Amino acid sequence: MKRRGITVVLGAALVALLTWQALSMDVAYVAMGPGPTQDVLTSTIDDNDVEHQIITAEVGYETTGELRLTTVRVKSRVTLAQALRYWMSNDQAVVPRNLIYPPDQTQEEITAEQEADWVESQSNAEQAALGYLGEPAELLVTGDSQGLRTDDHLLTVDDTAVTGLEQLEDYADSETTVTVERDGEEETVEDVLLSDVELEQTRRDPYGIEIDTEALDIGGPSAGLIFAIGIVDRVTEEDLVAGHEIAGTGEIDPEGNVGPIGGIQQKIAASDQEGVDLFLAPAANCSDAVTVAPDDMTIVRVETLADAVRALESFAAGGDVQTC
């Protein structure tokens, strides 16, 4: 072989080697893809083959169909070749790594935050559902102070009935006389400075609601909406799901307001794989949701729990729903 030919071959081999090395290098991105979905109205099995009924209530009704929470699967290590492939996929998203794994947090801190959000999402869902069902709000003392005890229920301030934190603004900086329910009895406590009292607005649960997620390896706040709908469906005689395959996502606050989440496109893709008929999407995520909406799936726009319940009632009856 002539010298020029040898040079070309060696050059080509070197380019190929460098290209292969570059494509094999990890990049500062992660890939988000469709994750598993879970029906919250039926049972699931944990790693020890123990059955868990996810949403139960002492006062409850059976339902038909499926109501699925949705998740995103994150691939934390991505090579350049994988990133290029995922970038061209409709089901995958490639995002900067520091958006998912902030550099100022350890993995343990990120996991703990996700777990805390997951627990809070269930508490918020229960409170939102109870509010939708008409259970009255009340104020719960969450720390011993000023003669008040943890778990006291605040009934009156200076003989005025109170049920919300906003009602206390006029009393915050002056000493007052309050009445609380303590262990089933009314107690009067004088000279209370409410600005120094830890209070939480809450609603009592007359249904015996339980959410058991021990078998689910999930974190974050985005299942709140589905948990809230599942509670309403479980404790009311009306069958909201009505034999359909329903899925959705959305963070929820105790007042029933639905907030945006990440990974909406991947969650819709996962729902499509499950044959879902209707997907409940936060209003703020609608613009992204419609870009991947399958032709045979209805994407419903929701801002509150009440919106979601009305949509399911209308869908079950064959009526119109507000879509994205």
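# Close-up views of a predicted model

**Figure 1. The protein chain as a whole.** Among contacts in the protein chain between residues at least 6 apart in sequence, 70% join residues at least 24 apart. The model is a predicted one, and its secondary structure comes to 8 helices and 20 strands. Of the 324 residues in the protein chain, 41% are buried. The chain exposes about 17,300 Å², and 47% of that area is supplied by carbon and sulfur atoms.

**Figure 2. The largest pocket and the residues that line it.** This pocket has a volume of about 1,400 Å³, and its lining is made up of 44 residues, with Val 72, Val 74, Gln 114, Gly 219 and Gly 220 lying nearest the centre. Two or more lining residues come from each of strand E7 (72–75), strand E8 (93–96), helix H3 (97–100), helix H4 (107–132) and helix H6 (264–273). H4 gives the most to the lining of the largest pocket, namely 8 residues. Sorted by class, the lining of the largest pocket holds 20 nonpolar, 17 polar and 7 charged residues.

**Figure 3. The largest cavity, also beside helix H4.** Rolling a probe the size of a water molecule over the atoms shows where empty space is left. The count comes to 1 cavity of 30 Å³ or more, and about 40 Å³ of space lies in the largest cavity. Its lining consists of Asp 117, Glu 120, Ser 121, Asn 124, Pro 221, Glu 251 and Ile 252. The elements that contribute two or more of these lining residues are H4 and strand E17 (251–252), and H4 supplies the largest share, with 4 residues. By class, the lining of the largest cavity divides into 2 nonpolar, 2 polar and 3 charged residues.

**Figure 4. The largest nonpolar core, with a view of Leu 225.** This core has 39 residues, and those with the most contacts inside it are Val 40, Leu 225, Phe 227, Ile 229, Leu 280 and Leu 305. Strand E6 (66–69), H4, helix H5 (224–235), strand E19 (278–282), strand E20 (298–302) and helix H8 (305–316) are the elements that give two or more residues to this core, and H5 gives the most, with 8 residues. Leaving aside residues up to four places away in sequence, Leu 225 touches Thr 249, Gly 250, Ile 252, Val 258, Leu 280, Val 302, Leu 305 and Ala 308. A second, separate core has 15 residues, including Leu 139, Val 141, Val 192 and Leu 199.

**Figure 5. Ile 54, a buried loop residue.** Ile 54 has its place in the loop between strand E4 (51–53) and strand E5 (55–56). Because its relative accessible area is 0%, Ile 54 counts as buried. If residues up to four places away in sequence are not counted, Ile 54 touches Gln 38, Asp 39, Val 40, Thr 42, Thr 44, Glu 210, Ile 211, Asp 212, Leu 216 and Phe 227. One of these partners, Asp 39, is 15 residues from Ile 54 in sequence and 8.6 Å from it in space, C-alpha to C-alpha.

**Figure 6. Helix H6 and the glycine that follows it.** In H6, 7 of the 10 residues are buried, so this helix is largely enclosed by the rest of the structure. The buried residues of H6 are Ile 264, Gln 266, Lys 267, Ile 268, Ala 269, Ala 270 and Ser 271. H6 is also among the elements that give two or more residues to the lining of the largest pocket shown in Figure 2. After H6 comes Gly 275, whose phi is positive, near 75°.

**Figure 7. Asp 159 and Ala 242, two loop residues with positive phi.** Asp 159 lies in the loop between strand E10 (153–157) and strand E11 (160–161), and its phi is near 70°, a positive value in a residue other than glycine. With a relative accessibility of 75%, Asp 159 counts as exposed, because the cut-off for that class is over 50%. Ala 242 is found in the loop between H5 and strand E16 (245–248), and its phi, near 50°, is again a positive value in a residue other than glycine. At 32% relative accessibility, Ala 242 counts as partly exposed.

Methods: Residues numbered from 1 in each chain as written. Predicted model: local features only at pLDDT ≥ 70, side-chain atom pairs only at ≥ 80, totals over all residues. Heavy atoms only, no water. 1 Å grid on protein atoms, 1.4 Å probe; cavity = no way out; pocket = protein on both sides within 12 Å on 5 of 7 lines; lining within 4 Å. Points joined across faces, edges and corners; volume = space filled by probe spheres on them. Nonpolar A, V, L, I, M, F, W, Y, C, P; charged D, E, K, R; others polar. Core = buried A, V, L, I, M, F, W, Y, C linked by side-chain atoms within 4.5 Å. Buried < 20%, exposed > 50% of the residue type's maximum accessible area, 1.4 Å probe, protein only. Contact = heavy atoms within 4.5 Å. Areas by Shrake-Rupley, 256 points an atom, 1.4 Å probe, with all protein chains shown as cover.
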